[in-house]
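Work through the exercises below with the coordinates open beside you, and try each task before reading the solution that follows.

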Amino acid sequence: ITRPLAQYALGVLMVMQRSSGGNTAYFLGEVSAGGWWYYFPIVFFLKEPLASLALITLALLIAIWNILKNSNFKKFNDYLGTHFAEFSMIIFIVFYCAYGMKSPLNIGVRHILPTLPFIYILAASAIKKLPGRTIIVSALAIWYFAETLIAAPYFISYFNRFGGGTEKGYEKVVDSNYDWGQDLKRLAEWAKNPPAGGNIDKIAVNYFGGGNPEYYLGNKAQNWNSSDGNPVKEGIQWFAISIGNLQSSIAQTAEGFERKPEDEYSWLKRPYEPYAKAGTSIFIYKLY
């Protein structure tokens, strides 16, 4: 009975420990190691499915209306007595989100996932007496299901329409929100059968993730960084880079953040116009 609660608590503690330190990140056209206080609210708004946002917004409006209608101390006391669990969830969400906004660790919406179960419970509680709730929830569920099908199989890279969709979400934010190394096998498949035809003998790779390019691509893969210069000088025609690494290298830097000129891929022309993509997160360039 207690094991799920223990696992949940362990996850929360691990997130809080990890959040105590910063991390270099790309967000809304800027690279920084200091973080942004508004990171999590905006990323939540850009990545959460629109059906979920609609449900949460509706529930929030109902809750605000009920607060305005019953705004006196006695009724608040009655509320605490009869809805203590609900009030506790609200306090947890507020505390956790405030802590997250204060943290300089801005690498993924996953860091606020512990709040989502409570947000959905509260949303369900707010609309449970709403007339026509069955029709509303059914419509939102169908919408949610349709968005899931459209995003498949690129679920990590999912962004809603406000965020540019799955194809363009990298323009807003990367790291585990968009690129967590999930497309390395797709890069290997592309290299075996490139749409242009022919054979790829060698491809320079700047990969972000836990995989090993040489394991999947064999001797075709050559690990590469910006400071190594243009791969053409080594006779390598193809170059592949994870979009997270690319954004960190070429996006504008925040005040106080320093980046070496040799790490900025000055030799890569039109970086946002790749020849092809492996999945959504690895951009592929034909260099000549």
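A residue counts as buried under 20% relative accessible area, as exposed over 50%, and as partly exposed in between. Glu 189, at 46% relative accessibility, is therefore partly exposed. The model examined here is predicted.

**Exercise 1. Describe the overall dimensions and composition of the protein.**

Solution. Begin with the extent: taken along the principal axes, the C-alpha atoms fill a box of roughly 80 × 45 × 40 Å. Next, take the secondary structure, which consists of 11 helices and eight strands. Then turn to burial and surface: 40% of the 288 residues count as buried, while the accessible surface comes to about 16200 Å², with 62% of that area belonging to carbon and sulfur atoms. Finally, consider the contacts between residues at least 6 apart in sequence, of which 67% join residues at least 24 apart.

**Exercise 2. Which residues of helix H2 are buried, and what do they pack against?**

Solution. First list the buried positions of H2, which spans residues 39-47: Tyr 39, Phe 40, Val 43, Phe 44, Leu 46 and Lys 47. Viewed down the axis of H2, these buried residues lie within an arc of 165°, so they line one face of the helix. The last step is to identify their neighbours, and here the buried residues of H2 pack against strand S1 (25-27) as well as helices H3 (50-69), H5 (84-102) and H6 (116-127).

**Exercise 3. Place strand S1 in its sheet, and state which strands lie at the edges.**

Solution. The sheet is open and has three strands in the order S1-S2-S6, with mixed pairing. Its edge strands are S1 and S6 (252-253), each of which pairs on one side only. S1 and S2 (residues 30-32) run antiparallel and are joined by three bridges, and Tyr 26 has Val 31 in S2 as its bridge partner.

**Exercise 4. Is strand S5 mostly covered or mostly open, and with which residues is Ala 240 matched?**

Solution. Strand S5 (residues 238-242) is mostly covered, since five of its five residues are buried under the 20% cut-off. Sorting them by side puts Trp 238, Ala 240 and Ser 242 on one face and Phe 239 and Ile 241 on the other, so that both faces are covered. Now follow the pairing: S3 (residues 203-206) runs parallel to S5 and is joined to it by four bridges, whereas S8 (residues 282-286) pairs with S5 in the antiparallel sense over five bridges. Ala 240 is the bridge partner of Val 205, and Ala 240 also stands opposite Ile 284 in S8.

**Exercise 5. How many salt bridges are counted, and how exposed are the partners in the examples below?**

Solution. Side chains of opposite charge can pair when their charged atoms come close. The count comes to six salt bridges, and three of them can be taken in turn.

- Lys 192 pairs with Glu 189, the closest N and O atoms being 3.8 Å apart; the two are three residues apart in helix H9 (residues 184-192), and are thus separated by about one helical turn.
- Lys 168 pairs with Glu 171 at a closest N to O separation of 4.0 Å; Lys 168 is partly exposed at 38% relative accessibility, and Glu 171 is partly exposed at 37%.
- Glu 273 pairs with Arg 270, with the closest N and O atoms 3.7 Å apart; Glu 273 is exposed at 55%, and Arg 270 is exposed at 57%.

Conventions: Residues are numbered from 1 along each chain as its sequence is written. This is a predicted model: local features need pLDDT of at least 70, side-chain atom pairs count only at pLDDT 80 or more; totals for chains, interfaces and linings use all residues. Side-chain values use heavy atoms; hydrogens and water are left out. Buried means under 20% relative accessible area, exposed over 50%, partly exposed in between (1.4 Å probe, protein chains only). The arc is that of the directions from the helix axis to the C-beta atoms. Contact means heavy atoms within 4.5 Å. Two strands pair if DSSP finds at least two bridges between them. Accessible areas come from the Shrake-Rupley method with a 1.4 Å probe; for residues, only the protein chains shown count as cover. A salt bridge is a side-chain nitrogen of Lys or Arg within 4 Å of a carboxyl oxygen of Asp or Glu.
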